[in-house]
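Let's work through a few exercises on one protein model together. Have a look at the structure, then try each task before you read its solution.

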Amino acid sequence: MNNLVGVSPKEMLLHGPTKLLVNNYHWHEPKVGIVASYTPNNKDVEDHFGIFRGVDQIEAFAQGTIGSLNPFLECIKQKCTPTQLKDHFIPAFISIGQVHFSNYLEEGDTFVSLGIIKFHKFRQMVADGRIYKTPKGLDLNKYFNNFNETRLREYDLSADFVLVAELFDITGRAIKKSP
């Protein structure tokens with residue numbers, strides 16, 4: 001596995017499927033960053049006036065970035081599969097820097113999380129990034145097929161992507177399970 005494009009998030013993320021807030025990985029450069037997407041469903045917006053809450057957006061960003069990138073790099077380092085990694089580590093979302101919301105998301109609104117790795121050492125990762133609502137009907141795999149590190153770092157997207165949130169210092173760590 002060279003990157004996460006084409007890998008199911010269910011295979012990579014270390015937590016249960018009922019809380020999975022990533023549908024697909026569209027671009028990934030190891031040790032640099034990732035583009036992941038999610039579309040909130042009825043369960044995600046239940047009792048929240050049809051709105052996908054900001055706290056859930058932060059969780060989706062964390063899963064799509066540090067929650068996916070950190071295990072990916074750890075699997076390479078330990079020469080193991082994500083399933084084997086799950087037997088030895090617990091994912092921990094340990095801190096949030098600043099988050100600025102500019103817009104909102106509703107049920108059925110597909111969004112992308114663009115995450116840039118700022119720090120990675122000893123199974124701890126810090127990422128910055130943005131969440132954008134995507135244009136309806138856009139083929140995200142095709143759109144991000146020729147994406148690159150420069151475009152990621154400059155958040156270079158077409159004008160029909162709508163900025164939803166800017167996130168800073170989202171931090172997670174894989175904690176070794178006790179024997």
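The exercises below go from the overall fold to the cysteines and then to the pockets of this predicted model.

**Exercise 1. Find out how the radius of gyration of the protein compares with what the globule rule gives.**

Solution. Start with the parts list: the protein has seven helices and nine strands. Next, take the radius of gyration, which is 15 Å. For 179 residues the globule rule gives 16 Å, and the two values are close, so the protein is as compact as a globular protein of that length. The C-alpha trace spans about 45 × 40 × 30 Å along its principal axes. To finish, look at the inside: 45% of the 179 residues count as buried. Among contacts with a separation of 6 or more, 73% are between residues 24 or more positions apart.

**Exercise 2. Work out why Cys75 does not form a bond with Cys80.**

Solution. First recall the chemistry: a disulfide is a covalent bond between the sulfur atoms of two cysteines. Then set the cut-off: the two sulfur atoms must be within 2.5 Å. Now check the distance: the cysteine sulfur closest to that of Cys75 belongs to Cys80 and lies 4.2 Å away, which is too far for a bond. Cys80 is likewise in no disulfide. The count for the protein is therefore zero disulfides by this rule.

As a last step, ask whether these residues are buried or exposed. With buried meaning under 20% relative accessible area, Cys75 is buried at 6%, and Cys80 is buried at 18%.

**Exercise 3. Describe the largest pocket and say which element gives the most to its lining.**

Solution. Begin with the volume, about 280 Å³. The pocket is lined by 20 residues, and the closest to its centre are Ile66, Gly67, Pro91, Ala92 and Phe93. Now go through the elements: helix H3 (54-64), helix H4 (66-78), strand S4 (89-95) and strand S9 (162-176) each supply at least two lining residues. H4 gives the most, with five. Sorting the lining by type yields 12 nonpolar, five polar and three charged residues.

**Exercise 4. Sort the lining of the second largest pocket into nonpolar, polar and charged residues.**

Solution. This pocket has a volume of about 210 Å³. Its lining includes Lys19, Lys43, Asp44, Glu46, Arg53, Asp56 and Glu59, and also Thr18, Leu21, His48 and Phe52. Helix H2 (42-45) and H3 are the elements that give two or more residues to this lining. The sorting comes to two nonpolar, two polar and seven charged residues.

Terms used. Residues are numbered from 1 along each chain as its sequence is written. This is a predicted model: local features need pLDDT of at least 70, side-chain atom pairs count only at pLDDT 80 or more; totals for chains, interfaces and linings use all residues. Side-chain values use heavy atoms; hydrogens and water are left out. On a 1 Å grid over the protein atoms alone, a cavity is a set of points where a 1.4 Å probe fits but cannot get out, and a pocket is an open set with protein on both sides within 12 Å along at least five of seven lines; lining residues have an atom within 4 Å of a point. Grid points are joined across faces, edges and corners, and a volume is the space filled by probe spheres set on the points. Helices (H or I, at least four residues) and strands (E, at least two) are DSSP runs, numbered from the N terminus. Ala, Val, Leu, Ile, Met, Phe, Trp, Tyr, Cys and Pro count as nonpolar, Asp, Glu, Lys and Arg as charged, and the others, Gly among them, as polar. Buried means under 20% relative accessible area, exposed over 50%, partly exposed in between (1.4 Å probe, protein chains only). The radius of gyration is taken over C-alpha atoms; the globule rule is 2.2 Å times the number of residues to the power 0.38. Contact means heavy atoms within 4.5 Å.
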